[in-house]
Amino acid sequence: MKAKKVLGITLCAAMIFSSLTGCGNTDKPDENSGVSAPETAGDNAGSADGTEEPAASDDTAQAEPAESGESAGGKEIVVWTEMMENEAALLQEYGDKWGAETGNKVTVISQYTDVQQFSQAANSKGGPDGMLGIPNDEMANYISAGLVQEVPADLYNDADFVEAAVQASYGNGIRYGVPLSVETPFLFYNTEKVEQMPATWEEMIEAAKDNGGIVFEATSVYYTLGMLRAYDSYIFNYKDGAYDTTDIGLGNEGAVKAYEFVNKLSGEYGFFSSDITYDMAKSSFQNGEAAFYIGGAWDVAGFTEAGTPFAVSDLPTLNGHDFVTPVGTYVGFVSVKSENQAETFAFYKYIVDNALPELYTVGNRIPASLAAQGSIDDDSEVTKAQIAQCAKGEPMPTVSEMGLIWQPFADNMKLMFNGTISAQEAAGYIDAQVKEAIELMQSGQ
């Protein structure tokens, strides 16, 4: 999912959630994308000195986890998906196969939705039993609204999936999502300008000087997450499967160093202007001007059609750290209002065990399952680069508060790039503005 799409969804979701906070269970974000193993103990998961996992609030308290075993059959299951129509058709095909084996009936509906619409539909006869194919950062809003059922403990093993995809599936320390697919930004380089891929960002900068530079949407936290993590900072601190939204890392000492670094790319090295956008960065690389570009699979077709000479790679290290990119994860969740929870979870497991390689074929969605990744019959360098980069990545936080990050971050990055404020001031402003927005959201204003 492209970052720009995420921002619009995120801000809309924050407003929806804010207006529904007092509605209990009748109560979406990604500037780009979305997210997985509760990054179970990964080096990329939060800071080492993070706070303890917060207890789940009353709004997110759930019933006992549903059993994941098969039923005697005869149940009618309805699942919505935000995947493309051809992907929904594939899910329906596997639903028919599973139904023939179990005696149940599955209906898959391609349906873009929001928290309020889903909640209302789930209360009606024939409403959705869950969502199968939704970005993890959007799922956060459904969790906050008390609409998501905890995943049964025996449904799947976290260790069998990409670590970031597992982290994306957790909220408030509870596993709510079933990971399906992953995506993440990676590095493009112009093969007529770059003979050998640098091993570090420091080497990449040297190779880019007087050679077109390094371009990306630098005003977006989606693309600058790696700078924050390289200097031991973070968005919300993550520990023991939960994000602490009171512990914001965007204004700390590490964040200042990250902002100083990215500011040099614009100011000292002149790689991009203060008004850099996704479209401007993409165009610069596509036209053969830039040596390096940070983008995603969504850019490949445009570069290929334009005849841009390019190759791809995972990103080099920065400040001695792996360069962390956000891993967007499409997940499935089951509604707390569903009367067919066991059957719906069983269907999701069937999809994970059988359909993911074919979902890659029809939709180019890289499986979150490690076993399914190993069964992909494809030597695509783009896929290899994404898989390698996903192993270094982490999700955008699976919390509703993530929707309040995008705009303050972008606004202050622009001010810093044009010299209006310093990196230190940018850090302070971002921190203050995000905290104020969270306070307003939590107060229901």
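The following dialogue examines salt bridges in a predicted model.

Student: How many salt bridges does a search of the whole structure find?

Tutor: The search finds 11 salt bridges, among them the pair Glu87 and Arg365.

Student: Why is the contact between Glu87 and Arg365 called a salt bridge?

Tutor: The closest N and O atoms of Glu87 and Arg365 are 2.6 Å apart. The cut-off is 4 Å between a side-chain nitrogen of Lys or Arg and a carboxyl oxygen of Asp or Glu, so the pair qualifies.

Student: What parts does the pair Glu87 and Arg365 tie together?

Tutor: Glu87 belongs to helix H2 (residues 85-102), whereas Arg365 sits in the loop between helix H12 (356-363) and strand E14 (366-367); the pair therefore ties together parts 278 residues apart in sequence. Both residues are buried.

Student: What makes Lys392 and Asp314 a salt bridge, and where do the two residues lie?

Tutor: Their side chains meet at 2.7 Å, N to O, which is within 4 Å, so the definition is met. Lys392 is in the loop between helix H14 (381-390) and helix H15 (406-417), and Asp314 is in the loop between strand E12 (310-313) and strand E13 (328-334); the pair links distant parts of the chain, 78 residues apart.

Student: Why is Lys392 called buried or exposed?

Tutor: Lys392 has 14% relative accessibility; buried means under 20%, so Lys392 counts as buried.

Student: How is Asp314 classed, and why?

Tutor: At 24% relative accessibility, Asp314 falls between the 20% and 50% limits and therefore counts as partly exposed.

Definitions and conventions. Residues numbered from 1 in each chain as written. Predicted model: local features only at pLDDT ≥ 70, side-chain atom pairs only at ≥ 80, totals over all residues. Heavy atoms only, no water. Helix = DSSP H or I, 4+ residues; strand = E, 2+ residues; numbered from the N terminus. Buried < 20%, exposed > 50% of the residue type's maximum accessible area, 1.4 Å probe, protein only.
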